[in-house]
Amino acid sequence: MARFLIVEARFYENFNDMLIAGAKAALQAAGHEVEVLTVPGALEIPGAIALAAESGEFDGFVAIGVVIRGETYHFEIVAGESARAIMALTMDGIPIGNGILTVENEDQANLRADPSQKDKGGEAAKAALSLLSLAERFAS
Ligand SMILES: Nc1c(NC[C@H](O)[C@H](O)[C@H](O)CO)[nH]c(=O)[nH]c1=O
Ligand SMILES: CC(=O)[C@@H](O)COP(=O)(O)O
């Protein structure tokens with residue numbers, strides 16, 4: 001059994017609840033323990049994962065959030081920088097599944113968040129599980 005931390009940016013509650021349900025279901029179906037940590041926005045997710053990884057309390061992470069395009073360049077910053085920083089942590093060997101939706105509107109978010117439709121939360125959890133298996137396989 002491994003310990004997973006879901007780090008969620010609680011910006012759009014209803015979509016987050018669905019993404020978290022999908023992620024939890026996938027992790028618990030695989031027999032793992034899950035905790036959820038909440039941060040304000042997607043830009044805070046990588047920093048929170050870095051701090052939690054440093055603690056050594058968790059074996060893997062799932063980033064959950066929703067970024068919906070607004071009127072300004074802010075969308076590109078939040079979507080791009082959160083993904084870039086998560087990728088940087090992954091390249092340091094931290095198993096992370098990225099379940100941050102970056103969408104044009106709420107309809108797109110709903111379709112992707114719903115566990116009975118695209119289930120992107122579950123997909124991100126499975127990606128984290130896959131990276132954790134690789135980390136264990138290649139551990140020296
Ligand atoms: N616009 C969205 C944000 N913006 C907030 C930032 O993530 C961050 O919390 C703020 O800039 C303070 O550092 N966050 C989301 O998760 N989703 C958005 O659509
Ligand atoms: C992530 C975004 O683009 C959005 O939440 C911010 O909206 P705006 O660009 O209209 O300030």
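**Two ligands and their surroundings**

Strand β3 provides the largest share of the shell around ligand 1, namely three residues. The structure described here is a predicted model. The whole shell around ligand 1 is made up of Ala9, Phe11, Tyr12, Gly41, Ala42, Leu43, Glu44, Val66, Val67, Ile68, His74 and Val78. Sorted by class, the shell around ligand 1 contains nine nonpolar, two polar and one charged residues.

Ligand 1 makes polar contacts with both backbone and side-chain atoms of the protein. An N or O atom in the side chain of Glu44 lies 2.5 Å from an oxygen atom of ligand 1. For Leu43, a polar backbone atom is 3.1 Å from an oxygen atom of ligand 1. For Ile68, a residue of strand β3, a backbone N or O atom is 3.5 Å from an oxygen atom of ligand 1. Ligand 1 on its own exposes 440 Å², of which the protein buries 75%. The space that ligand 1 takes is the largest pocket. Two or more residues of the shell around ligand 1 come from each of the elements β3 and α3.

Ligand 2 has a shell formed by Val67, Ile68, Arg69, Gly70, Glu71, Thr72, His74 and Phe75. Three of these residues are nonpolar, three are polar and two are charged. At least two residues of the shell around ligand 2 are supplied by β3 (60-68), and at least two by α3 (74-91). Thr72 belongs to the loop between β3 and α3.

Polar contacts to ligand 2 involve backbone atoms of Gly70, Glu71 and Phe75. A backbone N or O atom of Glu71 is 2.7 Å from an oxygen atom of ligand 2. The polar backbone atom of Gly70 is at 3.0 Å from an oxygen atom of ligand 2. In the case of Phe75, a backbone N or O atom is 3.2 Å from an oxygen atom of ligand 2. Taken alone, ligand 2 exposes 320 Å², and 72% of that is buried by the protein. Ligand 2, too, takes up space that is the largest pocket.

The UniProt record adds annotations, all from an unreviewed entry. His74 is covered by the annotation "active site" (unreviewed entry) in UniProt. This residue is found in helix α3. His74 is listed in the surroundings of ligand 1 and also in those of ligand 2.

Under "binding site" (unreviewed entry), UniProt lists Phe11, Ala42, Leu43, Glu44, Val66, Val67, Ile68 and Asn98. Of these, Phe11, Ala42, Leu43, Glu44, Val66, Val67 and Ile68 are included in the lining of the largest pocket. The shell around ligand 1 likewise includes Phe11, Ala42, Leu43, Glu44, Val66, Val67 and Ile68.

A further "binding site" annotation (unreviewed entry) in UniProt covers Glu71, Thr72 and Arg112. These residues span 42 residues in sequence and their farthest two C-alpha atoms are 23.3 Å apart, so they do not all gather at one spot. Glu71 and Thr72 are among the residues that line the largest pocket. Both Glu71 and Thr72 also appear in the shell around ligand 2.

Technical notes
Residues are numbered from 1 along each chain as its sequence is written. Chains are lettered from A and ligands numbered from 1 in the order in which they are written. This is a predicted model: local features need pLDDT of at least 70, side-chain atom pairs count only at pLDDT 80 or more; totals for chains, interfaces and linings use all residues. Side-chain values use heavy atoms; hydrogens and water are left out. A residue is near a molecule or strand if one of its heavy atoms lies within 4 Å of it. A polar contact is a pair of N or O atoms within 3.5 Å; within protein, one must be able to donate a hydrogen and the other to accept it, and residues adjacent in sequence count only if both atoms are side-chain atoms. Accessible areas come from the Shrake-Rupley method with a 1.4 Å probe; for residues, only the protein chains shown count as cover. On a 1 Å grid over the protein atoms alone, a cavity is a set of points where a 1.4 Å probe fits but cannot get out, and a pocket is an open set with protein on both sides within 12 Å along at least five of seven lines; lining residues have an atom within 4 Å of a point. A molecule sits in a cavity or pocket if more than half of its atoms lie within 2 Å of its grid points. Helices (H or I, at least four residues) and strands (E, at least two) are DSSP runs, numbered from the N terminus. Ala, Val, Leu, Ile, Met, Phe, Trp, Tyr, Cys and Pro count as nonpolar, Asp, Glu, Lys and Arg as charged, and the others, Gly among them, as polar. UniProt positions are given in the numbering used here, feature names are shortened, and annotations may be inferred rather than shown by experiment.
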